[in-house]
Amino acid sequence: MRQDRQATGGTRLTAMPLKVLLADDAFRALITEHTGWEPVLEPAEPSALLAPAARERGLRSPAMLLRAEAEAVAFRGREHELDQLLGWCHQDTDTFSVRVLTGPGGQGKTRLARQLTDILRARDWVSAHVRADLADVTTVPDLSSLDTAQRLQLTVDYAETRPHLVRHLIERLRTARHRTRLLLLARTDGPWRTDSLGATAPARELLASAPVIELAPLFPSGAPPIARATAFIDAIVDLASLLRHLPAFGRTDWAAVAPRVHPPADLADPRHDSVLTLQMTALATLLQHGPAPVAASPGQPAEATLLRHEQRYWEDTARTPAFRLSNLSTATLQRAVAVAVVCGAAHQAEAEATARKIPGLTPSRALDTADWLRSPYPPGTDRYWGSLQPDRVAEYHASTLLTGPGAPLPALMTDASTDQQAQVITVLARAAVSHYNAHRIPDSESVLRSLNAALDTVPLDLDAVEKANAVVPIRMPVLSDLGLKLTDVLVSTYRQLASEDPAAFAPDLARSLSNLGLMLSDLGRRAEALTAAEQSVEIYHRLVHEDPDAYEPDLANAMSGLDIHLSKMGRLQDALAAAEESLEIRQRLARSNPVAYEPDLAQALSNLGADLSAVGRHGEALDAEQRAVEIYRRLAGQDPAAYEADLATSLSNFGNRLANVGRRQEALAAGEEALDIRRRLALDNLASHEFDVASSLNNLSNLLSDVGRAEEALDAAEQAVDIYRRLARGNPAAYEPYLATSLNNLGNWLWDIGSAEEALAASEEALESRQRLALENPAVYEPEFAGSLANISLCLSDMGRIEEALSAAEQAVGVFDRLAREDPAAHEPNLAKALSGLSPLLSDVGRTEEALAVEERTVCLYRQLARHNPAAYEPGLAASLNNLGNWLMDVGRMEEALDAEEQAVDIYRRLARDTPAASEPDLAAALTNLARALRSPAWVQFKAQPDLSGALRVTGEAVELYRRLVAARPTQFASQLGNVLRLQADLLTSLGRHREAEEVRDWLAMNAAALDSQK
């Protein structure tokens, strides 16, 4: 204002700060009444870096109503997530902190972040979203305008597509003296967060250690149906109130249309878990009830219906005199919009070149079409074209128009810029995932076939592949082939570059090789995975020698991957060595920077525990996992949202380690605590934690069985199967293997309680699933298929179907035999276990000599395995020696039988000294068998007398052990105690000690009910 011509006196103007004016409710109401928008304050200095605080107002098409910035539907729910984020902002002790929020497109990440921004702004924070059009450049941008003495909270949306910008922001903000929070939104976690990308060590540590929280669906499948129905109706009302403001929709009284719209019958379908899907369905349904519905087939996705309405907007804008495109067909306009979605354009020349590739468009119209594509969806400052949104709608449109037979992808990608190639890969990969999650499996497969075919024929820019690789969730099962292709390109390119300039490119080669190992392992190509991991570790060792501060964290990660690959190949001692080296590095890093590296240290301890357990060093494994639990418990106490899930995982592992040393009650307590945490987390975020709940239930069923609570074990296993079955219906590729495993366990518990028919049904379902999986990917699933065959043979045997049981056991042995010839270290332990199950069945059908030969081979295998790893395989050797003794007695080879039984007892004695709770039951059973061998009448054939006194002495030791076991677990061991006491009474009688024999028999008679009830 320069002059006030109506001033009553004086010439001074009084300036009133907007903050004061907006604090006046009457002033705010007046502005809102005359503009239709509530006024909001936003910082002026960093306006070039931050998105406008107000809701988007330039709404011109139906799809624009679904953009998060439009806030067309009132925010609802998310109280728990908001409380967590507000607690992080206000209560976290760190001055600067980073947090990552992930979730599929349409889950509500941006809208939740905008709600957080509104709340914090009202509490006098500087809170805003970083502009979406800020370029992701390696050079450091000018971020000085973000310096402030006020509390600051920034949100970066699509963080996975702007990894360099994220690192620049962290570097600028990490030294702030005032409370500063950086929230990163991304579809998935991945290399965009964990790779260094040239960041300084402090910035890299802050980002790598940032808690990652997956946003659950707003309306999970387990929510009450009324919640979705209410949300649907509310969305209809809110959308109707804004539709009238769109240029082509103002003549209709949408408020009158809204009451005629009812929720669809399939609103409970899992696809409506997504808030975007629900609101998109509401908008499409509302439009279909308006005056100009479009043709729609039954079951047509909401995206397709909405796009048919949206194309009218394209036609209207194309017909305006400014573009003179009225003679272009609707199909050509659709393809033009699709090309803009997958390619984009940064400047006019790129837009014109790309427009010339639009299928069906004559070259003479390319310039006009390139200009038109700026109009429907206004671009950001760094782009020439904008894009159809929401992303899910855009991805559906592009994948429908530009893939399939005769797809134009090779032409679009040839001579395209780095950003364009990366955008094609990213958009179509995301579309494939969205199709898959919506159960449009053929569409998903078609998109990926077209994309993979294009990648096979088009020269790819290295930076384009890097960008796509960082953004696309390549380890997702549905994208595994694409992920391997991209990673292969990176490895081969960096290998060539590193040969020419090792100093510049060796780190990139090491990183790519490490990722390649993970991809190959996911596909079951374990030997190749190991080779890649070994090469990665070798390079990192060299880099650490030159610059330990820069590369030790990478080496620790690579060693952790190598540990997993070695373990899968059966090289357990080498895996343990890798885990120990990784732990040593992480301990050193955690001492210097506990905040950044303690979570990694806990993970390293947990990995070490698994490796120690695999080689039979159960006490040390327990110590390692206990340390991991202690760290996670402390971290979870400080930040429950970030670390409670990790604590639950570590507790679950801890329970297994306790069970391995026979501390079964403590193991059960740990397993129950893990389940309690996961159930609590699932109440707030079912989608993120339901799988973990099922995993805990599966684990708990084993622990309950160990303490003799068979009915509860069965109940836990049934709950796990129910969850896995539901998850597998929604995503069979990801969850069917887990369903098969849980069915296998369920079969075991049903068998244990005598429900043979039900046990067989569960085991047969598991077998059928694993057979199908093994046909698709034999390298990964054939061992599990063979394991199911071995398991089902036990069920069939228990039902008296010996021939069928024998056939299944022989098939299992056949598979493991072949696998062991190809990879002895990985599969000989499974072969030995399968052979142990085969020998009794051969004996049952009278093939005693074959049973004996099989058991002799089993003993030979276990001896060989135990020489290299006694702690892990001596229990198996002892069990097979026990069985061998029985078969040798059956064929009259008494001295060899006695020798085998004595060897078994010697091993079990040694094991029981180290882990009494775990090994004493086996020792008691072996002593009972030894006693039978010593008193066998078969000794007469060798002109020798049975050693009755020795047999009696051995039964005395067995009785003492069983009495102790029965005191702790009567349901498991009472019948075994009765059996050995009967044997003892017979021996006393044979030795003429009749009074003692009668005392034993009297005790048996007095306790017959208790003993018989446990048989």
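The following exchange goes through a predicted model of one protein chain and the reasons behind some of its labels.

Visitor: What makes up the secondary structure of the protein chain, and what does its C-alpha trace span?
Guide: The chain has 43 helices and five strands. Along the principal axes, its C-alpha trace spans about 130 × 70 × 65 Å.

Visitor: How many residues are in the chain, and what share of them is buried?
Guide: There are 1015 residues, and 54% of them are buried. The area exposed by the chain is about 44400 Å², with 51% of it supplied by carbon and sulfur atoms. Of the contacts between residues at least 6 apart in sequence, 68% join residues at least 24 apart.

Visitor: Why is Glu 310 called buried?
Guide: Buried means under 20% relative accessible area. Glu 310 has 1% relative accessibility, so the residue counts as buried. Its place is in helix α11, residues 302-318.

Visitor: Which residues does Glu 310 touch, leaving out those up to four places away in sequence?
Guide: Glu 310 touches Ser 61, Pro 62, Ala 63, Tyr 377 and Leu 388.

Visitor: How far apart are the C-alpha atoms of Glu 310 and Glu 896?
Guide: They are separated by 85 Å, and the two residues lie 586 residues apart along the chain.

Visitor: What makes the peptide bond from Gln 389 to Pro 390 cis?
Guide: Its omega is near 0 degrees. Pro 390 is in the loop between α14 (366-372) and α15 (391-402).

Visitor: What is notable about the phi of Glu 71 and of Asp 124?
Guide: Glu 71 has a positive phi of about 50 degrees and is not a glycine. Asp 124, also not a glycine, has a positive phi of about 70 degrees. Glu 71 lies in the loop between α2 (25-35) and α3 (79-91), while Asp 124 lies in the loop between α4 (109-122) and β2 (126-129).

Visitor: Why is Glu 71 called buried, and why is Asp 124 called partly exposed?
Guide: The label of buried needs a value under 20%, and partly exposed runs from there to the 50% above which a residue is exposed. Glu 71 is at 15% relative accessibility and therefore counts as buried. Asp 124 is at 44%, so this residue counts as partly exposed.

Visitor: Why is helix α5 called mostly covered?
Guide: Nine of the eleven residues in α5 (163-173) are buried. Among them are Pro 163, His 164, Arg 167 and Leu 173. Their cover includes strands β1 (96-102), β3 (152-156) and β4 (180-186), along with helices α6 (191-194) and α7 (201-208).

Visitor: Which residues form the patch of negative charge on the surface?
Guide: Asp 715, Glu 718, Asp 722, Glu 757 and Glu 758 gather there. Two elements, α30 (710-730) and α32 (756-776), each give two or more residues to the patch. Helix α30 provides the largest share, with three residues.

Visitor: How do you know that Glu 758 is open enough to belong to a patch?
Guide: A patch residue needs over 30% relative accessible area. Glu 758, found in helix α32, has a relative accessible area of 48% and so passes that cut-off. Exposed would require over 50%, so at 48% Glu 758 is partly exposed.

Visitor: Where do the charges of the whole chain lie on average?
Guide: The mean positions of the 101 positive and 138 negative charges are 5 Å apart.

Definitions and conventions
Residues are numbered from 1 along each chain as its sequence is written. This is a predicted model: local features need pLDDT of at least 70, side-chain atom pairs count only at pLDDT 80 or more; totals for chains, interfaces and linings use all residues. Side-chain values use heavy atoms; hydrogens and water are left out. Patches are made of residues with over 30% relative accessible area and no salt bridge: like charges are joined within 9 Å, nonpolar side chains (Val, Leu, Ile, Met, Phe, Trp, Tyr) within 5 Å. Accessible areas come from the Shrake-Rupley method with a 1.4 Å probe; for residues, only the protein chains shown count as cover. A salt bridge is a side-chain nitrogen of Lys or Arg within 4 Å of a carboxyl oxygen of Asp or Glu. Lys and Arg count as positive and Asp and Glu as negative; His and the chain ends are not counted. The place of a charge is taken as NZ of Lys, CZ of Arg, CG of Asp or CD of Glu. Helices (H or I, at least four residues) and strands (E, at least two) are DSSP runs, numbered from the N terminus. Buried means under 20% relative accessible area, exposed over 50%, partly exposed in between (1.4 Å probe, protein chains only). Contact means heavy atoms within 4.5 Å.
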